[in-house]
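The following paragraphs discuss a ligand site and the cysteines of a protein. Please consult the sequence and the model while reading.

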Amino acid sequence: MPVETETEAAPVWIFAYGSLIWRPGFDYAERVRAEIVGFRRGFCMTSIHYRGTPEAPGLVLALDADPAGRCSGVAYRLAPDGAGAGLAYVRGRELVSRAYDEARLPLRLEDGREVEGYVYVVNRDHAQYRGGLTPEEQAEVIARAVGPMGTNAEYLASTVASLAGLGLEDPELVALAAMVRARRGEP
Ligand code: SIN
């Protein structure tokens, strides 16, 4: 009779492409640059809880489906004994208004590994979806908006800085940050 061997629980990976890069808020065992294919990063979601209010919404980054798209960021592997708590924290933060859908999608890690990770992608049917804004329209909103977590401009600047620190500069975000600084009269 074959002896059943105990299988290890699958590792929990979370893909970060915006604020989770610079403020994960959970403990992790490993952090590695990673890429997701079939999505692009953009300010395509209004923020009413963090970087804006229902009366004056800001904009936050989300992944939007695009067959030709790809997005670089960071993959976190949670420690097995903290995976449940870590995932619960991220769900509480990212699914606050269900404007993101949680998906489990393939990630390419920079060292060549391919893993499946939890990814938060925009729900295009949600009232907070704002795809198709021009960079100028985005800059107008981001330059002014503020919410309980701080200014929308800080959110963008922190994302630009963290991506640059990782060697993953996003030219569209860099250009947008310059437009926002100009509107705010900042150098
Ligand atoms: C988020 O986690 O989606 C936003 C957090 C922040 O605005 O700092």
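How many Å separate an oxygen atom of the ligand from an N or O atom in the side chain of Glu-94? The distance is 2.7 Å, within the 3.5 Å that defines a polar contact between a pair of N or O atoms. The model is predicted, so local features need pLDDT of at least 70 and side-chain atom pairs pLDDT 80 or more, whereas totals for chains, interfaces and linings use all residues. Residues are numbered from 1 along each chain as its sequence is written, and side-chain values use heavy atoms, leaving out hydrogens and water.

Two arginines also face ligand oxygen: a polar side-chain atom of Arg-93 lies 2.8 Å from an oxygen atom of the ligand, and an N or O atom in the side chain of Arg-23 is 3.2 Å from one. Taken alone, the ligand exposes 260 Å², of which the protein buries 98% (accessible areas by the Shrake-Rupley method with a 1.4 Å probe). The residues around the ligand (a heavy atom within 4 Å) include Ser-19, Trp-22, Tyr-50, Arg-51, Met-149 and Tyr-155. Helix 1 (19-22) and helix 2 (83-94) are the elements that give two or more residues to this shell (helices are DSSP runs of H or I, at least four residues, numbered from the N terminus).

The cysteines form zero disulfides (pairs of cysteine sulfur atoms within 2.5 Å). Why is Cys-44 not bonded to Cys-71? The closest cysteine sulfur to that of Cys-44 is in Cys-71, 11 Å away, which is too far for a bond. Cys-44 is buried at 6% relative accessibility, and Cys-71 is buried at 2% (buried means under 20% relative accessible area, with a 1.4 Å probe and protein chains only).

Notes:
Buried < 20%, exposed > 50% of the residue type's maximum accessible area, 1.4 Å probe, protein only. Polar contact = N/O pair within 3.5 Å; in protein donor to acceptor, adjacent residues only side chain to side chain.
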